[in-house]
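Work through the exercises below with the sequence and the 3D structure open. Try each task before reading its solution.

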Amino acid sequence: MVEQASINASAGDVVVLVGTTKGLFALTAGPDRTDWTLAGPWFMGEEIYAAALDCRGGRARLLVGATSSHWGPSVYRSDDLGGTWIEPEPQTLAFPEGVGAAVAHVWQLQPAGDAQPDVVYAGVEPAALFRSDDGGQSFHLNEGLWGHEHRPQWQPGGGGLCLHTIVPDPAGGPRLGIAISAAGFYRTDDGQNWEAANVGIRAPFLPEPAPEFGQCVHKVDRHPAEPDTLFLQHHWGVYRSSDFGGKWEEVGADALPSTFGFPVVADPNRAGTAYVLPLTSDMFRCTPDGRLRVYRTTDGGDTWDALGQGLPQENAYVTVLRDGFTADRLDPAGLYVGTRTGDVYGSPDAGESWTELARHLPPVLCVKTAVLR
Amino acid sequence: MVRLAAALRQHAEGASSVDLDVPPPASVGAVLDALAAAHPAIGRRVRDESGALRRHVNVFVGADNAKDLDGTDTVVPEGVEVTVLPAISGG
């Protein structure tokens, strides 16, 4: 246990966790989200691909997946907003003995819905799903997905063969969706038997245009009140599904400056509203025309509006990774974007206006937020 | 005796070295097993859960890098120190 300065926040405050290639930072503001304070870094020198502030069940628990390039990955937790960190020993987010695999990175720490206040999911590289039933203190491997018959054919994307997205059932049921680069979207109804769910997603980087699996899904998100409706950012193409991945329909192809990008964020308050952050192409992964703009649909993907007020609009060749964009749960939603050039931008009004919250941080790997209860 | 890199000492109550009771002839793997049993947080930083030595960690037997010898099968001669150090790498 190492004592450090903690995040100075109280009930009602918004906390934005910023995971970077060199440690964890935190931004804090009141509910109006105008006056931000930066704290950190924690885990100096370590890559923070995954972070969460879990405010379910009366707790305010920070969970962090940190990877040291020398000493490997670990999951830490703090119940005093970063003042002290606990690293379980033996490390429980690890493959069981005899599997012959080792966790390289923790890509996602995803608390389940309020109906399962002690359940936390973790996605790792090599692509595997772990579940905790004690709020992130211990984890166990999902054997069904690990033993999936497709696994030998899954190919790693640029970030490795990683399970980076977990879509739990907000009602607390066993249904679950996950995304792997580059295997695609998989879903289960019982928590153990998994099926590929990529019908309709084109894979222009594969010889077969519409394979059962092998798609490079970059991110998936959904509205909590409409859990069957998913938005998905593919390696090329933005998609929507109204049946939890049973089939996918491409949206925005004629309206977005590019359909290549990494993150997609569903508005937590308005079903049918979602946000993407297009990049020029897979060969030039920077914002088009040197302008950082978020695109928003309010009609399920039929039309898209560019939102750039307050964001850099000249010579801004910016990259935002799959977890570099998130929304809080206030209304209107606060949006937060972290860039690979170390800047963080925030909007308190669902993208209508933006301000710079931090600059000159290390490259941002993930941005996660929660409102303290 | 195993000498520890400065970055590992916080996981051994600040000690710069650890005396381990490993009967000779001991392999590097056996020494690391004993080190992990005494200090699990160091054990998982030196080897992953599959037992593989981490890529950017070097274990020296005397002045020789075990990776240049027989890896974790390298025999540690009686009285020779083992040293665990981070490799010169990173970004």
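**Exercise 1. A residue and its bridge partner**

Task: Find the bridge partner of A:Ile166 in β14(A), and describe how the two strands concerned pair.

Solution. Note at the outset that the model is predicted.
- Step 1. A:Ile166 has A:Ile178, in β14(A), as its bridge partner.
- Step 2. β13(A) covers residues 162–168, and β14 of chain A covers residues 176–181.
- Step 3. The two strands run antiparallel and are joined by 6 bridges.
- Step 4. As for burial, 7 of the 7 residues of β13(A) are buried, so the strand is mostly covered, where buried means 20 or more other C-beta atoms within 10 Å.

**Exercise 2. A cis bond after β14**

Task: Which residues of chain A are joined by a cis peptide bond in the loop between β14 and β15?

Solution.
- Step 1. The loop between β14 and β15 (184–188) of chain A contains A:Ala182.
- Step 2. The peptide bond between A:Ser181 and A:Ala182 is cis, and its omega is about 0°.
- Step 3. Chain A has another cis bond to look at, from A:Glu125 to A:Pro126, with omega near 0°.
- Step 4. A:Pro126 sits in the loop that links β10 (120–125) and β11 (128–132) of chain A.

**Exercise 3. An open sheet**

Task: Give the strand order of the open sheet that contains β6 of chain A, and say which strands lie at its edges.

Solution.
- Step 1. The sheet has 3 strands in the order β5-β6-β7 (chain A), with antiparallel pairing.
- Step 2. β5 (47–54) and β7 (72–78) of chain A are the edge strands, since each of them pairs on one side only.
- Step 3. From one strand to the next, the twist averages 15°.
- Step 4. Between β5(A) and β6 of chain A (residues 61–68) there are 7 bridges in the antiparallel sense.
- Step 5. Within this pairing, A:Leu63 in β6(A) stands opposite A:Ala52.

**Exercise 4. Positive phi outside glycine**

Task: For A:Asn315 and A:His360, state phi and decide whether each residue is buried or exposed.

Solution.
- Step 1. A:Asn315 is not a glycine, yet its phi is positive, about 50°.
- Step 2. This residue, A:Asn315, belongs to the loop between β24 (305–307) and β25 (325–327) of chain A.
- Step 3. A residue is exposed if 12 or fewer other C-beta atoms lie within 10 Å of its own. A:Asn315 has 8 such atoms and is therefore exposed.
- Step 4. A:His360, also not a glycine, has a positive phi of about 65°.
- Step 5. A:His360 lies in the loop between β28 (355–358) and β29 (364–371) of chain A.
- Step 6. Because A:His360 has 7 C-beta neighbours inside 10 Å, it counts as exposed.

**Exercise 5. Each chain as a whole**

Task: What is the radius of gyration of chain A and of chain B, and how does each value agree with that of a compact globule?

Solution.
- Step 1. Chain A has 373 residues, for which a compact globule would have a radius of gyration near 21 Å; the chain has 19 Å, which agrees.
- Step 2. The C-alpha trace of chain A spans about 50 × 50 × 40 Å along its principal axes.
- Step 3. The secondary structure of chain A comprises 1 helix and 29 strands, and 52% of the residues of chain A count as buried.
- Step 4. Of the contacts in chain A between residues at least 6 apart in sequence, 51% link residues at least 24 apart.
- Step 5. For the 91 residues of chain B, a compact globule would come near 12 Å; chain B has 12 Å, in agreement.
- Step 6. The C-alpha atoms of chain B fill a box of roughly 35 × 30 × 25 Å along the principal axes.
- Step 7. Chain B has 2 helices and 7 strands, in the sequence pattern β-β-β-α-α-β-β-β-β.
- Step 8. In chain B, 27% of the residues count as buried.

**Exercise 6. The contact between the chains**

Task: How many residues does each chain bring to the contact, and which confidence values does the predictor give the complex?

Solution.
- Step 1. Chain A contributes 13 residues and chain B contributes 14 residues.
- Step 2. On the side of chain A that touches chain B, 6 residues are nonpolar, 5 polar and 2 charged.
- Step 3. The complex receives an ipTM of 0.92 and a pTM of 0.96 from the predictor.
- Step 4. The average pLDDT of chain B is 95, and 98% of its residues score at least 70.

Note on methods. Residues numbered from 1 in each chain as written. Chains lettered and ligands numbered in written order. Predicted model: local features only at pLDDT ≥ 70, side-chain atom pairs only at ≥ 80, totals over all residues. Contact = placed C-beta atoms within 7 Å. Nonpolar A, V, L, I, M, F, W, Y, C, P; charged D, E, K, R; others polar. pLDDT = per-residue confidence, 0-100. Helix = DSSP H or I, 4+ residues; strand = E, 2+ residues; numbered from the N terminus. Rg over C-alpha atoms; globule rule 2.2 N^0.38 Å. Pairing = 2+ DSSP bridges. Axes fitted to C-alpha atoms, helices over the stretch in contact; angles between N-to-C directions.
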